[in-house]
Amino acid sequence: MVAPSTETTGYSVPTHEEVLAAIRAGYRAIDDGYGFYPGFNGWLESLGYTRREDVDCTCPDRGYRGHLPECRWMRP
Ligand SMILES: [Zn+2]
């Protein structure tokens with residue numbers, strides 16, 4: 001049986017501390033001229049996370065007030 005593509009069981013999302021560290025990396029990347037997301041995304045990727053386009057929003061409020069930078073980032 002193949003799990004549905006929106007299956008997120010068994011995956012973990014970044015912890016609060018990891019997200020804060022990634023945000024700091026994003027601001028450092030702005031200072032370095034790369035922009036926030038290259039730094040933010042690169043930090044999470046270095047921790048083994050990937051951004052899943054095939055899953056539902058992982059924001060605590062389901063994106064009601066806009067998606068968080070860490071939305072849909074998860075790791076097996
Ligand atoms: Zn979201």
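**Entry 1. Exposure of Arg62**

I count a residue as exposed if 12 or fewer other C-beta atoms lie within 10 Å of its own, and as buried if 20 or more do. The model I examined is predicted. I looked up Arg62 first. Arg62 has 11 C-beta neighbours inside 10 Å and therefore counts as exposed. I located Arg62 in the loop between β1 (50-51) and β2 (73-74).

**Entry 2. Backbone of the loop**

I then checked phi. Most residues other than glycine have a negative phi. Arg62 is not a glycine, yet its phi is positive, at about 60°. I noted a positive phi of about 70° for Arg72, which is not a glycine either. Arg72 also has its place in the loop between β1 and β2. Is Arg72 exposed, partly exposed or buried? I found 19 other C-beta atoms within 10 Å of Arg72, so I recorded Arg72 as partly exposed.

**Entry 3. Helix α1**

I turned to helix α1, which comprises residues 16-31. I asked what span its 16 residues should have. At 1.5 Å a residue, the expected value is 22 Å; the end C-alpha atoms of α1 are 23 Å apart, which agrees. After α1 comes Gly33, with a positive phi near 90°.

Arg28 belongs to α1. Because Arg28 has 14 C-beta neighbours inside 10 Å, I entered it as partly exposed. I also took the C-alpha separation of Arg28 and Phe40, which is 9.2 Å, with the two residues 12 apart along the chain.

**Entry 4. Packing of α1 against α2**

How do the axes of α1 and α2 cross? I found that they come within 7 Å and cross at roughly 140°. Angles over 145 degrees would count as roughly antiparallel; α1 is therefore oblique to α2. The crossing of α1 past α2 is right-handed. On the α1 side, the residues making the contact include Ala21, Ala22, Ala25 and Arg28. On the α2 side, Phe36, Phe40, Trp43 and Leu44 are among them.

I examined Trp43 individually. Apart from neighbours within four places in sequence, Trp43 is in contact with Ala21, Ala22 and Ala25.

**Entry 5. Nonpolar core**

Which residues form the largest nonpolar core? I listed 6: Ala22, Phe40, Trp43, Leu44, Tyr49 and Trp73. Helix α2 (residues 36-46) supplies the largest share of this core, 3 residues. I add one general remark: in soluble globular proteins, nonpolar side chains tend to be buried together. Ala22, Phe40, Trp43 and Leu44 of this core also appear in my entry on the contact between α1 and α2.

Terms used. Residues are numbered from 1 along each chain as its sequence is written. This is a predicted model: local features need pLDDT of at least 70, side-chain atom pairs count only at pLDDT 80 or more; totals for chains, interfaces and linings use all residues. Helices (H or I, at least four residues) and strands (E, at least two) are DSSP runs, numbered from the N terminus. A nonpolar core is a set of buried Ala, Val, Leu, Ile, Met, Phe, Trp, Tyr and Cys residues joined through C-beta atoms within 7 Å. Two residues are in contact if their C-beta atoms, placed from the backbone, lie within 7 Å. The expected span of a helix is 1.5 Å times one less than its number of residues. Axes are lines fitted to C-alpha atoms, for helices over the stretch in contact, and angles run from 0 to 180 degrees between N-to-C directions. Angles under 35 degrees count as roughly parallel, over 145 as roughly antiparallel, 65 to 115 as roughly perpendicular and the rest as oblique. A crossing is left-handed if the near helix is turned anticlockwise from the far one by less than a right angle, and right-handed if clockwise.
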